[in-house]
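Subject: Structure handover

Hello,

Here is the structure you were waiting for. My notes follow below it.

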Amino acid sequence: MSVSFHESNGVFRLDTPNATYMISLVDEERFLAHLYFGRRIPDDLPREMLRIPEEDYPSRKGRERLAFLDGLPTEYPGHGLGDMKQSCLEVETPEGYRCCGLTYRDHRIFGGKPKLPGLPATYGGPEDCDTLEIIAEDKVLGLTVRLFYTAFRKIDAICRSVRVENTTGRPLRLRTALSACLDMDDQGQYDLLTLHGNWSAERMINRRPVTMGKQGVSSRRGISSHQEQPFLGLLERTATQTRGQVYGMNLVYSGNFLGQAELTQQGQLRLVLGIHPEDFCWHLEAGEAFQTPEAVLTYSCTGISGMTHAFHDLYRNHLIRGPYKNKPRPSLVNNWEATYFRFDTEKILAIGREAAAAGIEMLVLDDGWFGKRDDDCSGLGDWVVNEGKLPGGLKHLVEELNRMGLRFGLWVEPEMVSPDSDLYRAHPDYALQIPGRVPTESRQQLVLDISRKEVRDHVYAMIHKVLSSANVEYVKWDMNRALTDVYSPALGPDRQGELYHRYVLGVYELQERLLTDFPNLLLENCCSGGGRFDPGMLYYSPQIWTSDNTEAIDRLRIQEGTSLIYPLSSMGAHVAACPSHTNNRTTPFATRGRVALPGCFGYELDMTKLTPEEKALIPGQLEEYRKYGPVFHNGDYYRLASFGENHACDVIMAVSKDKRVAVINYVEVENRARCRALRVELAGLEETALYRSSLTGEVRSGAGWMYAGMLLPRLEWDYSSALIVLEAVAQ
Ligand code: DGJ
């Protein structure tokens, strides 16, 4: 068992391969203190490590309660009773006060991991993980709070969530219910790693020293957002890709969140992650319960790559579900950048013919196939095939494509409505809006009140009918704006604070319904590019559209930030036309292919307009994807050089789990005069195995490639690229 309780010293332990997490029961009151999270150690730490006896707590009558509570590293801090740092739990009583604090009542330890009702979460059986459930209480309120911790046996990951049960016998208002807290000492040794961005530049990496006060990431857009990511990384200042201690925290959630690091004058560092307390207030009747989303905590003593591997392994094996889990994803062509809204059956079939001839496996029909949708001003919500564009409906089109040997995928945007649509004309109340206020449009559209079952049922029935009308094997689920005007007449005035979260729960319920009714479907989530690229969405769709920015050089940085946490198998990545529709840059077709290769590979251009030279490259690109896609998708990923840092070149590497094959993907962005060949130290190889390089034919030991390194060839042109394969040779 990876979880244990030691009665004699009141210590709970969670052990993963390289990490130990300890919780200590303190005093007769049995406060739940955070004793340790770090490199694996065999012995339990003494409670002195909690610094309780230090002079920080002077008093003539002994210890001061306020100083004690403010200094104690706390597992799950309540509010207003002495701990002055960020609260994780805040409940408002019928009297109107918000103070609460937890102590231990009981616990359970069991194999496996329970599901979280209505929420996405990692999963695992007793052979994979063990769970500690601490039953805590606020004795004065009579409130019960269950703290769940699951330790994975083969992955350095601990997954936490909290269930607040109103056992007080009276109604309560839950003002704050975060998912996890991590208190630790910081004597100036940590950097904070976060991801920030905007539309077409998602998940840019930011690393800076932790400073005094509060800092972090958040979203109040109703989606996890392009701008910030529900992730905090904490690194030893000297940590590199392969060395040093690195902690990661990621929220399995797709709506508003707060991720915060708080450093006090005394060197106490508190990391918290959960649903953003602003715009949140959940009414709990007596007997009702609230389940927080799950927070994933990872630990690495092998630098950033160790953290990345823990997230990748956890998400590939214990979050992603369905028939495409750890399976090759079809290569596809998407018509969005090829045609935008201007297409008909003939145009799509013409693209399909070229795609099929080149060996592409699937065609995805994007926005514009339904209702009155010739631009983005109308039609959302009217999920009926536009027979003006597609006579004979989807059935005819899909049958023709299937005859060519192509599978078919379809774009939908179920959460939205255009004011100019039959749906809106019939049901204006289905949209989120505030009576008497002009609703804030974005992309000429409004957000449906997905918290309401009748709205979900209506939209779902229409989409279900379309999907059932033809052989649709893939769905791209888009969502093209943030939430505003967040008010629902269906909820009473005292429940409006539940709406953001209820919206997210509604989206999850809809996607679960879709997967249940179409169990073989490949779902790809999308949010105006990568605005909802988070673990919550990954639970439903094994791949997510990474960014609307399909330009290869910009993509290097977007994919670097994304792959810090998310497996390469989750990143939709396409070869697009040049000059790029995003930034007008022109790059070689081959390099566009190399940049897309590690992800879920496809084309996003008009296949009928390619030059013969470009067309001739496609079979080779598809062959590379067939052969090496699985190494990128299922292997261990390493970042060898970062264009974001060096502004010249980008080098990534992936090693198959059996360490027989490694692929190195190299893009020389800026060719510099008189520059010496770049030497990169490879990683992840078997030290004593021999590997042959596809570039030079040289055979060398894994140790040789890793410690002496490889000289990458000078490629001579800006935006050139190379794929180098190392294969183990028989000894
Ligand atoms: C935003 C997506 O990110 C694009 O790929 C495309 O599907 C458009 N929406 C369609 O409106």
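I start with the second largest pocket, where β4 supplies the largest share of the lining, 6 residues. Please keep in mind that this is a predicted model.

**Second largest pocket**

The volume of the second largest pocket is about 700 Å³. Its lining has 35 residues, and Met49, Arg51, Asp183, Met184 and Asp185 lie nearest its centre. Besides β4, at least two residues each come from α1, β10 (172-185) and β17 (268-275). By class, the lining splits into 15 nonpolar, 9 polar and 11 charged residues.

**Largest pocket**

The largest pocket holds about 1200 Å³ of space. It is lined by 48 residues. Nearest its centre are Gln241, Arg639, Leu640, Ala641 and Ser642. β31 gives the largest share of this lining, with 5 residues. Other elements that supply at least two residues include β12 (201-209), α2 (303-318), α13 (643-646) and α14 (702-708). α10, β33 and β34 (679-680) are also among the elements that reach this threshold. The class count is 21 nonpolar, 13 polar and 14 charged residues.

**Cavities**

Now the enclosed space. Rolling a probe the size of a water molecule over the atoms shows where empty space is left. The model has 6 cavities of 30 Å³ or more. The largest cavity contains about 120 Å³ of space. Its lining has 15 residues, and those closest to the centre are Gln559, Pro598, Arg639, Asp650 and Ile652. Arg639 is thus listed for the centre of the largest cavity and also for the centre of the largest pocket.

Which elements give two or more residues to the lining of the largest cavity? They are α10 (552-563), α11 (589-596), β31 (636-641), β32 (649-655) and β33 (661-668). α10 gives the most, with 4 residues. The lining draws at least three residues from each of domain 2 (332-414 + 453-482 + 521-633) and domain 3 (640-729). Its residues divide into 8 nonpolar, 3 polar and 4 charged.

**Salt bridges**

Side chains of opposite charge can pair when their charged atoms come close. The structure holds 64 salt bridges. Three of them are described here.

- Arginine 47 and aspartate 27 meet at 3.3 Å, N to O. This pair links distant parts of the chain, 20 residues apart. Arginine 47 sits in the loop between β4 (31-39) and α1 (65-71), and aspartate 27 in the loop between β3 (19-26) and β4. Arginine 47 has a relative accessibility of 36%, so it counts as partly exposed. Aspartate 27 is partly exposed too, at 24%.
- Aspartate 457 and lysine 453 meet at 2.8 Å, N to O. Both lie in helix α7 (residues 453-468), 4 residues apart, which is about one turn of the helix. Aspartate 457 is partly exposed at 28% relative accessible area. Lysine 453 is partly exposed at 48% relative accessibility.
- Arginine 679 pairs with glutamate 681, and their closest N and O atoms are 3.4 Å apart. Arginine 679 is partly exposed, with a relative accessible area of 44%. Glutamate 681 is partly exposed as well, at 42% relative accessibility.

There is also a network. Asp70, Asp83, Lys85, Asp183 and Arg270 are joined into one by salt bridges that share partners. Asp183 is one of the residues nearest the centre of the second largest pocket.

**Strand β35**

In a regular strand the side chains alternate between the two faces of the sheet. Strand β35 (residues 690-693) shows the alternation. Which of its residues are buried? Tyr691 and Ser693 are, and they point to one face. Leu690 and Arg692 point to the other face and are not buried.

β35 has two partners to look at. With strand β36 (residues 699-701), β35 pairs in the antiparallel sense over 3 bridges. Arginine 692 has valine 699 in β36 as its bridge partner. β35 and β36 form a hairpin with 5 residues between them. Glycine 697 lies in the turn and has a positive phi of about 80°. With strand β38 (residues 720-729), β35 also runs antiparallel, joined by 4 bridges. There, serine 693 stands opposite leucine 726.

Best regards

Terms used
Residues are numbered from 1 along each chain as its sequence is written. This is a predicted model: local features need pLDDT of at least 70, side-chain atom pairs count only at pLDDT 80 or more; totals for chains, interfaces and linings use all residues. Side-chain values use heavy atoms; hydrogens and water are left out. On a 1 Å grid over the protein atoms alone, a cavity is a set of points where a 1.4 Å probe fits but cannot get out, and a pocket is an open set with protein on both sides within 12 Å along at least five of seven lines; lining residues have an atom within 4 Å of a point. Grid points are joined across faces, edges and corners, and a volume is the space filled by probe spheres set on the points. Ala, Val, Leu, Ile, Met, Phe, Trp, Tyr, Cys and Pro count as nonpolar, Asp, Glu, Lys and Arg as charged, and the others, Gly among them, as polar. Domain bounds come from an automatic or database domain assignment. A salt bridge is a side-chain nitrogen of Lys or Arg within 4 Å of a carboxyl oxygen of Asp or Glu. Buried means under 20% relative accessible area, exposed over 50%, partly exposed in between (1.4 Å probe, protein chains only). Two strands pair if DSSP finds at least two bridges between them.
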